[in-house]
Amino acid sequence: MAPGVTVDIVEPTTLPHKGGIPVGNGKVNTQHVEAAEGKWKDFSFHAIRESQVARAMARRYFNDLDTYAESDIVIVGAGSCGLSTAYTLAKARPDLKIAIIEASVSPGT
């Protein structure tokens, strides 16, 4: 945002994630921040090696590739049109094997 630009939130809202911090008029309610801080004080992630993640992704990819190598229908693109087409076909013809191919890591956009 450009310097000197302010944003006013007229209605109090909640941040989109579960247990969000209510905000209003562009200011954070510090009471809720302090309550949330206590919950996260001892939080930590479990250590995981990158090779474990890579193996899990490769295993999933090749399992899916094996499952969908022979498909009745292949849909190229997992945007709104591709996903809705796949959904409609799957509801109408549950006997078909439908594969969706997407180049991006964010389907649905």
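Helices and strands are here DSSP runs, with at least four residues for a helix and at least two for a strand, numbered from the N terminus. On that basis, the chain of this predicted model has three helices and five strands. Read from the N terminus, the elements follow the order β-β-β-α-α-β-α-β. The chain has 109 residues, and 8% of them count as buried. About 9,600 Å² of the chain is exposed. Carbon and sulfur atoms supply 59% of that area. Contacts were also sorted by separation along the sequence. Among those with a separation of 6 or more, 41% link residues 24 or more positions apart.

Strands S4 and S5 form a pair. S4 covers residues 73-76 and S5 covers residues 98-101. The two strands run parallel and are joined by four bridges. Ile 73 stands opposite Ile 98 in S5. Val 76 has Ile 101 in S5 as its bridge partner. Helix H3, residues 80-92, belongs with these strands: S4, H3 and S5 make a β-α-β unit. The unit is right-handed.

Two residues of H3 were examined in turn. Leu 83 is found in this helix. Is Leu 83 buried, exposed or partly exposed? Its relative accessible area is 35%, so Leu 83 is partly exposed; buried would require under 20% and exposed over 50%. Outside the residues up to four places away in sequence, Leu 83 touches Ala 78, Ile 100, Pro 107 and Gly 108. One of these contacts, Pro 107, lies 24 residues from Leu 83 along the chain. The C-alpha atoms of Leu 83 and Pro 107 are separated by 8.4 Å.

Thr 85 is also found in helix H3. Thr 85 has a relative accessible area of 33%, and is therefore partly exposed. Thr 85 and Ile 75 are ten residues apart in sequence. In space, the distance between them is 8.2 Å, C-alpha to C-alpha.

The next feature is a pocket. Rolling a probe the size of a water molecule over the atoms shows where empty space is left. The largest pocket holds about 510 Å³ of space. Its lining comprises 16 residues, and the closest to the pocket centre are Tyr 61, Asp 64, Ile 100, Ile 101 and Glu 102. Which element gives the most to the lining of the largest pocket? Helix H2 does, with six residues. H2 spans residues 50-68. Both H2 and S5 supply at least two residues each to the lining. Two residues met earlier return here. Ile 101, the bridge partner of Val 76, is among the residues closest to the pocket centre. Ile 100, which Leu 83 touches, is another of those residues.

Technical notes:
Residues numbered from 1 in each chain as written. Predicted model: local features only at pLDDT ≥ 70, side-chain atom pairs only at ≥ 80, totals over all residues. Heavy atoms only, no water. Pairing = 2+ DSSP bridges. Right-handed = clockwise from strand over helix to strand, strands pointing away. Buried < 20%, exposed > 50% of the residue type's maximum accessible area, 1.4 Å probe, protein only. Contact = heavy atoms within 4.5 Å. Areas by Shrake-Rupley, 256 points an atom, 1.4 Å probe, with all protein chains shown as cover. 1 Å grid on protein atoms, 1.4 Å probe; cavity = no way out; pocket = protein on both sides within 12 Å on 5 of 7 lines; lining within 4 Å. Points joined across faces, edges and corners; volume = space filled by probe spheres on them.
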